[in-house]
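Here's one to pick through before you set up any calculations. Have a look at the chain below, and then we'll go through it by question and answer.

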Amino acid sequence: MSPAETGLLGIALLLILFIAGMPVAFSMAIVGFTGFAYVTGLSPALNLLPQDIFETFSSYPLSVIPMFILMGTFAFASGISQRLYKTTHSWVGQLRGGLTIATVLACAGFAAICGSTAATAATMGQIAIPEMRKYRYNMRFATGTVAAAGTLGILIPPSTIFIVYGILTEESIGKLFMSGVLPGFILTLFYVATVYILCRRNPELGPPGVKTSFKEKIVSTGGIIEALILFLLTIGGLFLGWFSPTQAGAIGAGGSLLIGLARRQLTWKGFLDSGKEGIRTACMVLFIIMGATVFGHFMAVTTIPFLLADWVGGLPIPAWAVMSVIIFIYFLGGFFMDSMALVVVTIPIFFPVVTKLGFDPIWFGVMIVLVAEMGVITPPVGVNVFVIKGIVPDVPLHVIFRGIFPFLGALFLLAAILMVFPQVATFIPSLISY
């Protein structure tokens with residue numbers, strides 16, 4: 001069997017292991033090691049595996065992952081998420097669909113200090129859904145909004161997928177973070193517009209909440225100050241070149257911790273629980289990167305990525321048509337694979353194609369994240385939907401899935417805008433000199 005045929009067999013075996021339920025990291029490591037051993041020999045493979053494991057877990061650039069993850073877990077334990085929701089609730093809660101608009105805005109704010117879509121959905125779902133029940137919101141509408149708004153967690157920086165993409169492609173994590181700012185802002189507006197249109201067509205979906213005075217609105221605005229300070233300190237510091245991504249994450253985690261201590265809301269139990277959750281999540285991501293590294297070396301020796309790049313480059317069709325096919329493949333893959341797994345498996349295959357076609361790697365990173373957002377809310381592996389289901393076990397799964405479909409339109413619209421106007425993603429990163 002030729003190296004290319006071995007690679008195709010390895011990809012098929014990997015998909016079978018995913019379907020069988022084997023953890024993503026171990027699936028990629030096993031297939032990568034076995035395939036590499038078949039192509040190059042057992043001795044090189046035995047040398048490669050410990051080297052990849054050591055380099056992954058001793059890599060300084062990868063330390064950015066636990067730092068930003070801890071920032072998000074400490075922010076939740078410090079009560080920042082609750083205060084964000086209270087602020088947005090105070091300003092827009094009295095409108096029709098106001099609680100869902102408040103949830104979208106609060107998710108956007110929490111996404112600025114948390115790099116996980118599931119964590120954003122879970123955090124805001126626990127706060128917002130009981131309030132929406134109280135005001136008799138349609139549960140399909142309410143749960144669908146929270147699941148969709150949670151996707152902002154991986155587009156608005158900091159984002160774990162941007163970090164992993166940057167490490168795998170050796171692109172600047174700081175520039176990738178900046179590339180998500182404007183698309184994240186636009187998507188937030190699109191989600192708010194979706195809520196407004198739905199409630200305009202059917203006012204019973206989201207009855208208005210209690211009105212608040214202007215004084216109450218001003219007083220509640222203090223709830224966003226902490227999140228704003230953390231965002232400006234970490235992401236603003238990255239933009240200005242004051243510190244590296246790892247240092248930014250450490251400052252953000254330390255800042256979240258200090259806010260919790262200063263407000264006396266971070267208990268000893270909360271500190272331990274958030275620390276354990278952060279470490280568990282960081283270890284999961286690092287193991288996935290380790291498996292992806294092994295699998296990537298296997299793909300390299302099969303030459304599949306380079307053969308694919310040469311073949312695509314010679315096709316008599318426009319580059320944008322090829323890119324549309326690649327994005328559609330990512331969209332379909334999101335139906336069956338976790339977003340993180342989809343990115344780490346496909347980057348070694350598609351990234352050489354993208355660069356050969358002349359597309360901006362930073363722009364492609366934003367497109368990948370955008371399509372990954374679709375994957376976390378579409379059946380059958382919509383992670384955010386299952387997260388919301390855990391919060392409201394009495395709401396059937398199919399009801400939540402039906403609730404997310406109007407928001408897919410907002411994601412598709414933003415994807416179309418980025419295809420036509422890539423500057424939406426690349427303008428802010430172009431201002432960074434490093």
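Q: Where in the chain does Arg136 sit?
A: This is a predicted model, where local features need pLDDT of at least 70, side-chain atom pairs count only at pLDDT 80 or more, and totals for chains, interfaces and linings use all residues. Residues are numbered from 1 along each chain as its sequence is written, and side-chain values use heavy atoms, with hydrogens and water left out. Helices here are DSSP runs of H or I with at least four residues, strands are E runs of at least two, and both are numbered from the N terminus. On that numbering, the place of Arg136 is the loop between α7 and α8.

Q: Is Arg136 buried or exposed?
A: The scale is relative accessible area with a 1.4 Å probe on protein chains only: buried is under 20%, exposed is over 50%, and partly exposed is in between. Arg136 comes out at 72%, so the label is exposed.

Q: What is phi of Arg136, roughly?
A: Most residues other than glycine have a negative phi. Arg136 isn't a glycine, yet its phi is positive, near 60°.

Q: Which residue in the loop between α9 and α10 (173-179) has a positive phi of about 60°?
A: The residue in question is not a glycine, although its phi is positive. With a relative accessible area of 73%, it counts as exposed. It's Glu170.

Q: Which residue does a cis peptide bond join to Pro157?
A: Most peptide bonds are trans. Here omega is about 0°. The partner is found in the loop between α8 (139-149) and α9, and it is Pro158.

Q: How much space lies in the largest pocket?
A: A pocket is worked out on a 1 Å grid over the protein atoms alone, as an open set of points where a 1.4 Å probe fits, with protein on both sides within 12 Å along at least five of seven lines; lining residues have an atom within 4 Å of a point. Points are joined across faces, edges and corners, and the volume is the space filled by probe spheres set on them. For the largest pocket that gives about 920 Å³.

Q: Which residues lie nearest the centre of the largest pocket?
A: The lining has 34 residues. Elements giving two or more of them include α2 (24-40), α7 (117-134) and α15 (268-302). Nearest the centre are Ser116, Ala118, Ala119, Glu277 and Thr281.

Q: How many charged residues are in the lining of the largest pocket?
A: Ala, Val, Leu, Ile, Met, Phe, Trp, Tyr, Cys and Pro count as nonpolar, Asp, Glu, Lys and Arg as charged, and the others, Gly among them, as polar. That lining has 20 nonpolar and 11 polar residues, and the charged ones number 3.

Q: Which element gives the most to the lining of the second largest pocket?
A: About 750 Å³ of space lies in this pocket. Of its 30 lining residues, those closest to the centre are Ile167, Leu168, Thr169, Glu170 and Thr293. With 7 residues, the top contributor is α15.

Q: Which backbone oxygen lies 2.8 Å from a polar side-chain atom of Thr234?
A: Thr234 is in helix α13 (residues 225-240), and at 0% relative accessibility it counts as buried. Contact means heavy atoms within 4.5 Å; leaving aside neighbours within four places in sequence, Thr234 is in contact with Met71, Phe243, Ala248 and Gly252. The backbone oxygen belongs to Leu230.

Q: Which backbone oxygen does the side chain of Thr194 reach at 2.8 Å?
A: Thr194 is found in helix α11 (residues 181-201) and is buried, with a relative accessible area of 12%. Beyond neighbours within four places in sequence, it is in contact with Pro406, Phe407 and Ala410. The oxygen reached is that of Phe190.

Q: What is the radius of gyration of the protein chain?
A: The chain has 22 helices and 0 strands. Taken over C-alpha atoms, the radius is compared with a globule rule of 2.2 Å times the number of residues to the power 0.38. For 434 residues that rule gives 22 Å, and the chain is close to it, so it is as compact as a globular protein of that length, with a radius of gyration of 22 Å.

How values were computed. Polar contact = N/O pair within 3.5 Å; in protein donor to acceptor, adjacent residues only side chain to side chain.
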